[in-house]
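Student: Please choose a single part of this structure and examine it closely for me. I should like a connected account of that part and of what surrounds it.

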Amino acid sequence: MITMDNIIREGHPTLRKRAEKLTFPLSEEDQKLAHDLMEFLENSQDEKIAEKYHLRAGVGLAAPQVDRSIRMTAVLVPGAEGEEPIFKHVLVNPTIVSESVQKAALAEGEGCLSVDRDVPGYVPRADRIKLRWFDLDGNEHVQRLKDYPAIVVQHEIDHLNGILFFDHINKDNPFSAPEGTLILE
Ligand SMILES: OCN(O)CCCc1ccccc1
Ligand code: NI
């Protein structure tokens, strides 16, 4: 199982690399990694397991964060208590096909399992995206996302391109954002 010890931190060069596209069929190793990434998210969102293994809660985990520079990320956006998740997929070779001009940023800013410090500020992102990805069997999927799930997926795809959330924060005025940006509470 993946634990915090397997997650590389800010300063590790892999976090700043562009990850390599995967080809199908996936290797056994990459299929196991996909499982392990999603398992980490499930564990990190389970109070008892997270406490037992000292896991920081996460809604996404990208392969570069466990030092595997490949274009794969797990995303698990939970629904309300006892409800189905809003978005639960392992994305292979994800691409943003189109995105809204409208920007959005989380009111409380963002964090990252690979960043052991708070970096306050708005992280402006597209409010709506049309996401294309491949599943572990190589089947193509296309789905429109908006607001929080769209923010999370953009954070994860950034990891595949060596981008960290604070790269988007305005240095001079961290809590400023482009005109008209939706601030999501
Ligand atoms: O890369 C995943 N990760 O570091 C966990 C945090 C994910 C995340 C947190 C806030 C807003 C969007 C995404
Ligand atoms: Ni992150």
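Tutor: Let us begin at arginine 144, which is found in strand E7 (residues 140–146); strands (E, at least two residues) and helices (H or I, at least four) are DSSP runs numbered from the N terminus. This is a predicted model, in which local features need pLDDT of at least 70 and side-chain atom pairs pLDDT 80 or more, while totals for chains, interfaces and linings use all residues. Residues are numbered from 1 along each chain as written, chains are lettered from A and ligands numbered from 1 in written order, and side-chain values use heavy atoms, without hydrogens or water.

Arginine 144 has a relative accessibility of 63% and therefore counts as exposed (over 50%; buried means under 20%, partly exposed in between, with a 1.4 Å probe and protein chains only). Arginine 128 lies 16 residues from arginine 144 in sequence, and their C-alpha atoms are 7.1 Å apart in space.

Another arginine, at position 125, belongs to strand E5 (residues 125–126). Because its relative accessibility is 3%, arginine 125 counts as buried. The side chain of arginine 125 makes a polar contact, at 2.8 Å, with the side chain of glutamate 110 (a pair of N or O atoms within 3.5 Å; within protein, one able to donate a hydrogen and the other to accept it, with sequence neighbours counted only if both atoms are side-chain atoms).

Glutamate 110 leads us to the part that I have chosen for the close look, since Glu110 is among the residues around ligand 1 (those with a heavy atom within 4 Å). The others are Val59, Gly60, Gln65, Leu106, Gly111, Cys112, Leu113, Val152, His155, Glu156 and His159. Three side chains deserve particular attention. Glutamine 65 places a polar side-chain atom 2.9 Å from an oxygen atom of ligand 1. For histidine 155, the distance from an N or O atom of the side chain to an oxygen atom of ligand 1 is 3.1 Å. For histidine 159, the corresponding distance is 2.9 Å.

These two histidines also serve the metal. The nickel ion (ligand 2) is coordinated by His155 and His159, each through NE2, and by Cys112 through SG, at 2.1 to 2.4 Å (donors are N, O and S atoms within 2.8 Å, or 3.2 Å for Na, K and Ca; water is not among the atoms, so sites may look incomplete). Along the chain, the donors of the nickel ion follow the spacing C-x42-H-x3-H. How far apart along helix H3 (residues 147–160) are histidine 155 and histidine 159? They are separated by about one helical turn, because they stand four residues apart in that helix. Histidine 155 counts as buried because its relative accessibility is 10%. Histidine 159 is likewise classed as buried, because its value is 1%.

Some features of the backbone complete the account. Most residues other than glycine have a negative phi, and most peptide bonds are trans. Aspartate 147, which is found in helix H3, has a positive phi near 55 degrees although it is not glycine. Asparagine 93, in strand E3, also has a positive phi, of about 50 degrees. With a relative accessible area of 8%, asparagine 93 is buried. Finally, phenylalanine 24 and proline 25 are joined by a cis peptide bond, with omega about 0 degrees. Proline 25 lies in the segment before H1.
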